[in-house]
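Let's take a walk through this protein together, beginning with its enclosed spaces and working outward from there. Keep the viewer open as you read.

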Amino acid sequence: MATYPMPDSDISLSVQAVRSLMPEVHVGIILGSGLGAAAQQVADNQGLVIPYSELPGMPQTQVAGHEGRLVLGSGELQGVALLQGRVHSYEGHAVDRLTFATRMLAELGMQTLIVSNAAGGIQAGYSPGDLMLIDGHWTLCDVQERDSAKSSLGKTVNSVGRCLWSSRLLQLASSLPSALKIHQGCYAMMSGPNYEAPAEIRMLRGLGCQAVGMSTIPEALAAARRGIEVLGISCITNVAAGLSDQPLDHSEVSETAGSVETEFVDWLFRLVKRL
């Protein structure tokens, strides 16, 4: 599938729309499948809500569990922007569409990106409802921005090492107590939309991956290339294919994420307030 850069005019128009409500963004949070409760809580506490449809060029979400709203915080969360849902490559979107929101927040001054996802647990001992802080990743998907070779982004990211996944943020996140069990490991991005076959899970386990999903890496790379610190968080919503007798279904993903939303939101906001 051919991919092309998004026009700068689309980014500029969206930046103007957001800046009229929040002059500068310090922290951006991308909320994955079933994890939108944090954005809803901010919206319910005098946050400002912008549907993606009102942001020029912003791709529209279609997958269940992805509301499709930008929520801007107030009070203690002033300067925090939460993306309630994302689009995926399996929906037919090019990389520059997947990273549109990240690049928009970067133009607004974002210094830290927290990017979350729902993921299947590969590692023994990972249970639905656990969190995994991402300290490395693996993918064969196309995650390269088409305009990066011509741009002056300034930073070359070693996408294999820990410089993508901020060691400072990893240390801070792991130091915060939580009612949830928190692991640290390597995340694999597969293309989807189908869940991985048992043979693929055996391959990923052999490659040293602890969790698998269908997102996150494009946004993380786009942020890191612009000098933004990145923290990745996987919510383990199911045991990966071949590791359980239970069939996999997207409703299970949303149900598990919803079951830990109170603890997740509490932990997330305590983390944000420490930044």
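A good place to start is the second largest cavity, whose lining consists of Arg 86, Val 87, His 88, Ser 89, Leu 98, Met 189, Met 214, Ser 215, Thr 216, Pro 218 and Glu 219. Please keep in mind that you are looking at a predicted model. This cavity holds about 40 Å³ of space. Sorted by class, its lining has five nonpolar, four polar and two charged residues.

How many cavities of 30 Å³ or more are there? The count comes to two. Rolling a probe the size of a water molecule over the atoms is what shows where empty space is left. The largest cavity has a volume of about 100 Å³. Of the 13 residues lining the largest cavity, Gly 85, Arg 86, Val 87, Leu 98 and Ala 101 are the closest to its centre. Arg 86, Val 87 and Leu 98 should look familiar, since they also appear in the lining of the second largest cavity. By class, the largest cavity is lined by eight nonpolar, two polar and three charged residues. Two helices take part here: helix H3 (95-98) and H4 each give at least two residues to this lining.

Helix H4 deserves a visit of its own. It spans residues 100-107, and because six of its eight residues are buried, helix H4 is largely enclosed by the rest of the structure. Which residues of H4 are buried? They are Phe 100, Ala 101, Thr 102, Arg 103, Met 104 and Leu 105. Ala 101 is thus one of the buried residues of H4 and also one of those closest to the centre of the largest cavity. After the helix comes Gly 109, with a positive phi near 100 degrees.

If you like to check backbone torsions, there are some to look at in the loops. Thr 216, which you met in the lining of the second largest cavity, has a positive phi of about 85 degrees although it is not a glycine. Its place is the loop between strand E8 (211-213) and helix H7 (217-225). Is Thr 216 buried or exposed? Thr 216 counts as buried because its relative accessibility is 0%, and the cut-off for buried is under 20%.

Gln 46 is another residue that is not a glycine but has a positive phi, here of about 65 degrees. You will find Gln 46 in the loop between helix H2 (37-44) and strand E2 (48-51). With a relative accessible area of 70%, Gln 46 is exposed.

For a look at omega, turn to the loop between strand E7 (182-189) and helix H6 (198-206), where Pro 193 lies. The peptide bond that leads from Gly 192 to Pro 193 is cis, with omega near 0 degrees.

One more stop is strand E9 (residues 229-239), which contains Asn 238. At 4% relative accessibility, Asn 238 counts as buried. Its side chain makes a polar contact of 3.1 Å with the side chain of Thr 237.

Finally, zoom out to the whole chain. It has nine helices and nine strands, and 54% of its 275 residues count as buried. Among contacts with a separation of 6 or more, 83% are between residues 24 or more positions apart. The chain exposes about 11700 Å², of which carbon and sulfur atoms supply 48%.

Definitions and conventions
Residues numbered from 1 in each chain as written. Predicted model: local features only at pLDDT ≥ 70, side-chain atom pairs only at ≥ 80, totals over all residues. Heavy atoms only, no water. Helix = DSSP H or I, 4+ residues; strand = E, 2+ residues; numbered from the N terminus. Buried < 20%, exposed > 50% of the residue type's maximum accessible area, 1.4 Å probe, protein only. Contact = heavy atoms within 4.5 Å. Areas by Shrake-Rupley, 256 points an atom, 1.4 Å probe, with all protein chains shown as cover. Polar contact = N/O pair within 3.5 Å; in protein donor to acceptor, adjacent residues only side chain to side chain. 1 Å grid on protein atoms, 1.4 Å probe; cavity = no way out; pocket = protein on both sides within 12 Å on 5 of 7 lines; lining within 4 Å. Points joined across faces, edges and corners; volume = space filled by probe spheres on them. Nonpolar A, V, L, I, M, F, W, Y, C, P; charged D, E, K, R; others polar.
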